[in-house]
Amino acid sequence: MLAIETNGLTRDYGELRAVDHLDLAVRPGEVYGFLGPNGAGKTTTIRLLTGLIRPTSGSAAMEGLDVSRNPLEIKARVGVVPERSNLYGELSARDNLIFVAKLYGLSRKEWRPRAEELLAQFGLSDRAHSLFGALSGGMKRRLTIAAALVHRPSILFLDEPTTGLDVHAARSLRQTISRLHASGVTIFLTTHLIAEAEPLCDRVGIVVKGKLVAEDTPAALCERCLEERRLELDVASPTDALMSALRRSPEVTALSREGDTLRLSVRSVDAVLPDVVAAAREGGAEIQAVRTVVPTLEDAFVRLTGIDVETLESDKPRGMRGGAS
């Protein structure tokens, strides 16, 4: 049985199609990355999958249960960590967790023990009495994830989990996600950060304008770029003559320079090397190093979508409810 399954899932807002005939099949226990720019339909997809909004057409199921027909059962099986925290700035860390435990119908005798268990699990025991609004951005994010796990869901939705966090807090949060993965929780993670998706996710779906344009493991997506190889050349003071000679090679499809490093896209590494040697001689240049470059998920994303990565990752982070991030 699949953890998450959709068939032709579609959501329209007037003339805008936010999610366009989406077909997903997420396996139990995997981390599935939903990668795309802001406005691609990622958050709308989470809202559809968790029953917060209804689809215009198509269907979604969690562990075999139709989302539209079984809202209470779905609520018990999933946890949601929104991009903006839904916890309360005027409540302490412990009281926020106890409040969520009440909402999910845990018995009174479980409220405090479960809160203490999660505070310890997420390294927040010493901040149990601190108001949520006074916590750092990283602590807020960890407590928000803890709150989503109060009722022990088998599926966790994380919407842009590291938005607004500093480098240290983001690294700590990725470690938390890895631990949850190891415990068997199915994780559906939306992000516009390629560097976040590549190390965390078992599989990645790339979504653009509500459509799933590619889906596979990060390694398999990278392999799609292998038909065009890349080389890096370290050259002491590259000359214009060298650059011109390299551009004349029929094996070189693109050439760029950054300082003393030349980056070449080539049809064949073996076929281009004699041309590189000849170009160096012609240009009077000394090649100090030659490296082949393995394609990354970033390369795959650009190739599959045509979207510039700098544009993708330039979105402004948005703050979280309950105090400054």
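# A guided tour of the predicted chain

Of the 325 residues of the protein chain, 49% count as buried, where buried means under 20% relative accessible area, exposed over 50% and partly exposed in between (1.4 Å probe, protein chains only). This is a predicted model, in which local features need pLDDT of at least 70 and side-chain atom pairs count only at pLDDT 80 or more, while totals for chains, interfaces and linings use all residues. Residues are numbered from 1 along each chain as its sequence is written, and side-chain values use heavy atoms, with hydrogens and water left out.

**Whole chain.** Begin with the C-alpha trace, which spans about 80 × 45 × 35 Å along its principal axes. The chain holds twelve helices and 14 strands; helices (H or I, at least four residues) and strands (E, at least two) are DSSP runs, numbered from the N terminus. Contacts (heavy atoms within 4.5 Å) may be considered next: of those with a separation of 6 or more, 68% come from residues 24 or more positions apart.

**Confidence.** Colour the model by pLDDT, the predictor's confidence in each residue, from 0 to 100. The chain averages 89, and 93% of the residues score at least 70. Among the elements, strand S1 (residues 4-13) has the highest mean, 98, and helix H12 (residues 309-312) the lowest, 60. Then select residues 316-325, over which pLDDT stays under 50; the model has 31 contacts beyond four places in sequence for this stretch. Where pLDDT is low, the predicted coordinates should not be read in detail.

**The four-strand sheet.** Select S2, S1, S4 and S5, which form an open sheet in that order with antiparallel pairing; two strands pair if DSSP finds at least two bridges between them. Strand S2 (16-26) and strand S5 (65-66) stand at the edges, each with a single partner strand, so one side of each lacks a neighbour in the sheet. Seven bridges join S1 to S2 in the antiparallel sense, and Leu 9 stands opposite Leu 22 in S2. Now add helix H1 (residues 42-49), which packs on this sheet and touches S1, S2 and strand S4 (57-62). The direction of H1 makes about 115° with that of S1; axes are lines fitted to C-alpha atoms, for helices over the stretch in contact, and angles run from 0 to 180 degrees between N-to-C directions.

**The six-strand sheet.** Move to the open sheet with the order S6-S7-S8-S3-S9-S10, whose pairing is mixed. Strand S6 (78-81) and strand S10 (211-216) are its edge strands, each pairing on one side only. Neighbouring strands of this sheet are turned by 15° against each other on average, direction ignored. H1 appears here as well, lying across S3, S6, strand S7 (155-159), S8 and S9 and running at about 150° to S8. Helix H5 (residues 137-148) also packs on the sheet, touching S6 and S7, and its direction makes about 160° with that of S6.

**Strand S3.** Within this sheet, select residues 31-35, the strand S3, of which five of five residues are buried. Val 31, Gly 33 and Leu 35 on one side and Tyr 32 and Phe 34 on the other are all buried, leaving both faces covered. S3 runs parallel to strand S8 (residues 186-191), joined by five bridges, with Leu 35 opposite Thr 191. S3 also pairs in the parallel sense with strand S9 (residues 203-208), over four bridges; there the bridge partner of Phe 34 is Gly 205.

**Glu 73.** From Val 31, go to Glu 73, 42 residues apart along the chain, with 22 Å separating the two C-alpha atoms. Glu 73 lies in helix H2 (residues 71-77) and counts as partly exposed, at 38% relative accessibility.

**Helix H10.** Finish at residues 269-283, the 15 residues of helix H10, which should span 21 Å at 1.5 Å a residue; the expected span is 1.5 Å times one less than the number of residues. The end C-alpha atoms of H10 are 20 Å apart, which agrees. Which residues of H10 are buried? They are Val 269, Val 272, Val 276, Ala 279, Ala 280 and Gly 283. These cover an arc of only 100° around the axis, which puts them on the same side of H10; the arc is that of the directions from the helix axis to the C-beta atoms. The face turned away from the buried side carries the exposed residues Asp 270, Pro 274 and Arg 281. To see what covers the buried residues, display elements including strand S11 (229-235), helix H9 (240-248), strand S12 (252-258), strand S13 (261-266) and strand S14 (287-293).
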